Amino acid sequence: MSLQDVPGIRERRVSTGGIELCVAELGDETRPTVVLVHGYPDSKEVWTQVAEQLAEQWHVVLYDVRGHGRSTAPKPLRGGFTLEKLTDDFLAVADAVSPDRAVHLVGHDWGSVQSWEFATVKRTEGRIASFTSMSGPSLDHFGHWIKQRMSRPTPRRVGQLLGQGAKSWYVYMLHTPVLPELAWRGPLGKRWPRILQRLESVPAGDYPTPSLPDDAAHGAWLYRDNVRARLRRPRDDAFAHVPVQLITPTGDIFLSERLYDQLELWAPQLVRRTLPAKHWVPRTRPDQLASWISEFVSGIESAQEDGRPLQAPAPTGAHADRFGGQLVLVTGAAGGIGRATAFAFAEAGARVVAVDRDAEGAARTAEMARLIGSPAAWGEVVDVSDEQAMEKLAEKVAAEYGVVDVLVNNAGIGLSGSFLETTSEDWKNVLDVNLWGVIHGCRIFGKQMAERGQGGHIVNTASAAAYQPSRALPAYSTSKAAVLMLSECLRAELAERSIGVSAICPGVVNTNITATARFAGADAAEEKRLQQRTGRLYGLRNYPPEKVADAIIEAVVHNRAVVPVTPEARAARFLSRFSPGALRGIARLKPPL
Amino acid sequence: MASPVKDATAPELQGFREVQRLAYACAEAVAARLEPGVTEREAARMQREWLRERGVRDWFHLPFAWFGDRTAFAGFKVPLQFFPTNRKLEPGMPFILDMAPVHKGFTADIGYSGCLGLNPLHDKLLADLEAHRALLLGEVRERRSLREIYEDVERLMIRQGYANRHRAYPFGVIAHKIDRVAERRWSPRVFGFGTQSLKGLVSDALHGHRDGWSPLWSPYSFSDHPPQPGLWAVEPHLGFRGTGAKFEEILVVTDSKDPEQSAFWLDDDLPHVRRWAEERVAA
């Protein structure tokens, strides 16, 4: 959908310094205003989805930067795009759309570069309430960043310089006279939509707009008028006078994450977010952006209303910048690894859906998750092996809480005993939960993720038994080996949709799985004895499920394919690749039960 | 103790009751004086001084204080980590005060969990400890093996979503025997433990070993026996990520045939018990 087709959109012209800016407004005008500033080579169209979602709660304002979209261009172009003039434009827009109230500023790419100027100069004080920055550093901070690294070049700093230097190739290109304009108005302009689709997985549609060649040609002056001057003589007083939310796409091919080291020095009230995505996040991750912007803006608004000082968000766990506000669904969450995983995500500020057969346990997990930082958590009762129940759950979750960002298929049951004593009933039970549970989860929730097209991650709990044959666990190992292979295949398929898939192979972990494990061929009393005995052995090994949960979080953050966790799981993984014969030898040993 | 107690009215229990109340009064007094910036060492000294002023000269062990994630024994591996550090108390931080004074030849060992200001998570842990007090008493009355009771307590903790943190205690004990301590003019301490009390514990261990019981209530097979008559300082300790909570108080086990009298908590008028009662009224 293009911006013109969004219902309720209102357009007006704002004149400033001989320029006519095209300004669009959405949403209720009595609500606080959020101003979205686009980058290069874009027009305000880049924000369409984000604006639409934000408009449900806020008064959203977008404008075409001078020389872009349907705004007019300065004459002559040279000297018409300085940051000072862009600041004039912003102030004119802000005065027109929200004369009495400071606005919340959001900038992407060059929109963020210029917004850094707005947020750090004196004359905008009191006109800006907050600033959300993505993929666009302040040229002044960048200048200091380079100076620091040039004046004290350690190997690491030189590496950072060279790395960013290589990523900035296009900046040098844009400084050549005439050629960029020719390229944009010629072949590059024509191919650009396809390049974007291929490199960035930006969904096809009516973006970029037909005005692209002109926008890009004019926009080259953004670079020429500012970059060299600012990098050579960066301002020393470029301190942000507003709270800043920094959203860093980790896969950005134009900007290195290192650019924002020590940003706290320039922006004292800083909230960091990271997003596993490439450069064009307003197009590829609109839901996540809208939710983070909304959360940030409403936090500041409510703090101002109550007169409270602004507080950093509560979650303090590892990777809170990555998972804050995301929706995480964990199966088998009433105990053990599932519960620990739900808690780890809760500590990182994620919303958690705790799913289990055990209603009380799932509710308990949700309750405790809320106490340690989850903004919202729900317990759901489902048997993962029941396809219809899973379908129903997925419908309910999508309707009430949204599309799942991280899915952890963890539910599993244990079954021990020799192959010949394992009945077909035993086989069915184990495969139903351990394999079919994962299949249902991946299929039903994975489909929702893929259809949304904004990335995500699926974690499947396999086991070290997946690659370690054993005479004691034929059915269990088979189910887990299937989960491992399923995960690897799915990973290959979903890579093009930016959905990561990880298989976790914990090993012997101190959980309750032994207390409910079945022992094929054993009568009730014998089974009870074996359960207690293995329980004690697992207790002696005493590897905590919390460590597995940490490994799961890391696997999601770094998009790891297969993660063996305990030392024995890692050793077995190593042997399975380099000396499978040794593992087969070990498989013949009778377990000490 | 020379003669095992028969019931709750036994006169020799009065001394234990008094010292346990004294210790809890100390915990409440010190807790009320805690403020941001106080260190664990200072809190431990406050307890020591408060009790010295009231006639305590010997200890089963010196007072401990744990603040913040140390209440959950995060990363505790060696016993030296139990000793108070220079960790400073901050608003919202949980703390545990643990002391075992000897007074007039009677001893108590108590644990007091508190929190500086509001901390809903800590409140939850404290509230969930109530089920453990009931479970322990019930199973001791049923004369289940100590190891079994230990495992049931641990199971309840896991069901509640917590980690069992008394596993980090020496021998993983959930309780240990408490006895009268002969008052000596000079009673040195080893690693913070009073030698007189340790002597009692060691001699119990020796006797017990011969008769097949142990003065330590642990998950190991040496605790695989029914509860032994005597006084037990019981301390279930919950841990949940960076937060821990416990209570510790004396459970009396007798050889009475009457189940009511076969085991009972020495005193029901203690801060944590009162707190639960108040919560029930409020609810």
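Which strands of chain A does helix α3 (residues 110–120) of chain A lie across? The close-ups below take up this and other views of a predicted model.

**View 1. Helix α3 of chain A lies across five strands, β3, β4, β5, β6 and β7.**
The strands span residues 33–37 (β3), 59–63 (β4), 103–108 (β5) and 128–134 (β6), with β7 completing the list. The helix runs at about 145° to β6(A). Helix α11 (residues 286–306) of chain A also packs on the sheet. Helix α11(A) touches β3, β5, β6, β7 and β8 of chain A. The direction of α11(A) makes about 155° with that of β6(A).

**View 2. Eight strands of chain A form an open sheet.**
Read across the sheet, the order is β1-β2-β4-β3-β5-β6-β7-β8. The pairing is mixed. β1 (10–16) and β8 (270–275) stand at the edges, and each has a single partner strand, so one side of each has no neighbour in the sheet. From one strand to the next, the twist averages 20°.

**View 3. Strands β7 and β8 of chain A pair in the parallel sense.**
β7(A) covers residues 244–249. Six bridges link β7(A) with β8(A). Look for Gln245(A): its bridge partner in β8(A) is Val271(A).

**View 4. Seven strands of chain A form another open sheet, with parallel pairing.**
Here the order is β11-β10-β9-β12-β14-β15-β17. The edges belong to β11 (377–381) and β17 (562–564). Each edge strand has a single partner, so one side of each is left without a neighbour in the sheet. The twist averages 15° from one strand to the next. Helix α13 (residues 336–347) of chain A packs on this sheet. Helix α13(A) touches β9 (327–331), β10 (351–356) and β12. The direction of α13(A) makes about 170° with that of β9(A).

**View 5. Strands β12 and β14 of chain A run parallel, joined by four bridges.**
β12(A) spans residues 406–409, and β14(A) spans residues 456–461. Which residue of β14(A) is the bridge partner of Asn409(A)? Asn460(A) takes that place.

**View 6. A salt bridge joins Arg518(A) and Asp426(A).**
The N to O distance is 3.1 Å. Arg518(A) lies in strand β16 (residues 518–519), while Asp426(A) lies in helix α16 (residues 424–452), so the pair ties together parts 92 residues apart in sequence. Over all chains, a search of the whole structure finds 59 salt bridges.

**View 7. Ile146(A) sits in helix α4 (residues 139–151) of chain A.**
Which residues does Ile146(A) contact, leaving aside its neighbours within four places in sequence? They are Leu161(A) and Leu231(A). Arg157(A) is 11 residues from Ile146(A) along the chain. The C-alpha atoms of Ile146(A) and Arg157(A) are separated by 9.3 Å.

**View 8. Loops of chain A hold cis peptide bonds at Pro41(A) and Pro76(A).**
The bond from Tyr40(A) to Pro41(A) is cis, with omega near -15°. Pro41(A) is in the loop between β3 and α1 (48–54). Lys75(A) and Pro76(A) are also joined by a cis bond, with omega about -10°. Pro76(A) is in the loop between β4 and α2 (83–97).

**View 9. Asn542(A) has a positive phi, near 50°.**
This residue is not a glycine. Asn542(A) lies in the loop between α19 (524–541) and α20 (545–557) of chain A.

**View 10. Chain B meets chain A at an interface that buries about 1,300 Å².**
Carbon and sulfur atoms give 51% of that area. The contact takes 13 residues from chain B and 12 residues from chain A. On the chain B side, Lys124(B), Phe240(B) and Arg241(B) lose the most area to chain A. Together they make up 43% of what that side buries. Across the interface there are four salt bridges. Glu151(B) and Arg536(A) meet in a salt bridge, at 3.0 Å from N to O.

**View 11. Helix α14 of chain A crosses helix α3 of chain B at roughly 140°.**
α14(A) covers residues 359–371, and α3(B) covers residues 120–141. Their axes come within 9 Å. Angles over 145 degrees would count as roughly antiparallel, so α14(A) is oblique to α3(B). From α14(A), the contact uses Arg364(A), Glu367(A), Met368(A) and Leu371(A). From α3(B), it uses Pro120(B), Leu121(B), Lys124(B) and Asp128(B). The contact residues divide into four nonpolar, no polar and four charged.

Notes. Residues are numbered from 1 along each chain as its sequence is written. Chains are lettered from A and ligands numbered from 1 in the order in which they are written. This is a predicted model: local features need pLDDT of at least 70, side-chain atom pairs count only at pLDDT 80 or more; totals for chains, interfaces and linings use all residues. Side-chain values use heavy atoms; hydrogens and water are left out. Axes are lines fitted to C-alpha atoms, for helices over the stretch in contact, and angles run from 0 to 180 degrees between N-to-C directions. Helices (H or I, at least four residues) and strands (E, at least two) are DSSP runs, numbered from the N terminus. Angles under 35 degrees count as roughly parallel, over 145 as roughly antiparallel, 65 to 115 as roughly perpendicular and the rest as oblique. Contact means heavy atoms within 4.5 Å. Ala, Val, Leu, Ile, Met, Phe, Trp, Tyr, Cys and Pro count as nonpolar, Asp, Glu, Lys and Arg as charged, and the others, Gly among them, as polar. Two strands pair if DSSP finds at least two bridges between them. Buried area is the accessible area (1.4 Å probe) that two parts lose on being put together, summed over both. A salt bridge is a side-chain nitrogen of Lys or Arg within 4 Å of a carboxyl oxygen of Asp or Glu.
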